[in-house]
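Hi,

Here's the structure I promised to send over. Have a look, and my notes are underneath.

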Amino acid sequence: MKFFVDTANLDQIQEAQDLGILDGVTTNPSLMAKEGIKGKNAVLSHYRKICDLVDGDISAEVISTDFEGIIREGEELADLHENIVVKVPMIKDGIKAIRYFSDKGIRTNCTLVFSAGQALLAAKAGATYLSPFIGRVDDISWNGLQLIEQIVEIYGNYAFETQVLAASIRNPLHITACAEIGADVVTCPLKSILALLNHPLTDNGLAKFLADAKKMEE
Ligand code: E4P
């Protein structure tokens, strides 16, 4: 399972990269705005910085919602760097654009996915990645992990090449559950990745080893 970090914050991306386990980055307009990035040139330059930090797939989201606009923006983003994956919303013109990009060899990440039917359409259109949002489904008292399970099963039935990129991860249990289900990728906030490190028995065990090691000092 690939690990992506879900942030536009360069320090957090660097910290995840330094762990040596990072396979890519996802961003969205909310995450970019949170970093105070304003204007098209600043947005493009920020994506270039992320590409310089991480040698892996970097999802950059379009903000147009009409076919021509999505194509124009997506081609500009894809031209920035070979690792850029154009993130396209799950809407009618988005599906048309994913088919267009796929035919041109431009890789895509279909975002804002909340149902198996949407997942089928994105795979048929040739999306490289599909982003179902676990946490936001959980937030409305449905079951985000069941959605991942359903999509993984459907894609397996037909050997679709679209990779399931579990998004909107809220905690480390989401990550391990996605691994059990067989999601291809998880994109997580840095804090959820770091939370995987934690176990009280590790902390207690290490404290005891270090205390005993002191006894061996001359
Ligand atoms: C990632 O690609 C998504 O945009 C992101 O995971 C959404 O997460 P959120 O529901 O925490 O905003």
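This is a predicted model, so to speak plainly about what was counted: local features need pLDDT of at least 70, side-chain atom pairs count only at pLDDT 80 or more, and totals for chains, interfaces and linings use all residues. Residues are numbered from 1 along each chain as its sequence is written, and side-chain values use heavy atoms, with hydrogens and water left out.

On to the ligand. Its surroundings are Asp6, Thr26, Asn28, Lys87, Phe133, Arg136, Ala167, Ser168 and Arg170, where being near takes a heavy atom within 4 Å. By class that shell has two nonpolar (Ala, Val, Leu, Ile, Met, Phe, Trp, Tyr, Cys, Pro), three polar and four charged residues (Asp, Glu, Lys, Arg), with the others, Gly among them, as polar.

Lys87 puts a polar side-chain atom 2.5 Å from a ligand oxygen; for Arg136 the distance to a ligand oxygen is 2.7 Å, and for Arg170 it is 2.7 Å. These are polar contacts, pairs of N or O atoms within 3.5 Å. The protein buries 84% of the 340 Å² that the ligand exposes when taken alone (Shrake-Rupley, 1.4 Å probe).

Away from the ligand, the whole structure has six aromatic pairs (ring centres within 6.5 Å). One of them, Phe67 with Tyr100, is edge-to-face (planes over 60 degrees apart), at 6.0 Å centre to centre and 90° between the planes. That pair links helix α4 (residues 67-80) to helix α5 (residues 92-104), 33 residues apart; helices are DSSP runs of H or I, at least four residues.

Lastly, Gly20, just after α1, takes a positive phi of about 85°.

Cheers

Methods: A polar contact is a pair of N or O atoms within 3.5 Å; within protein, one must be able to donate a hydrogen and the other to accept it, and residues adjacent in sequence count only if both atoms are side-chain atoms. Rings of Phe, Tyr and Trp (its six-membered ring) pair if their centres lie within 6.5 Å; planes under 30 degrees apart count as stacked, over 60 as edge-to-face and the rest as tilted. Helices (H or I, at least four residues) and strands (E, at least two) are DSSP runs, numbered from the N terminus.
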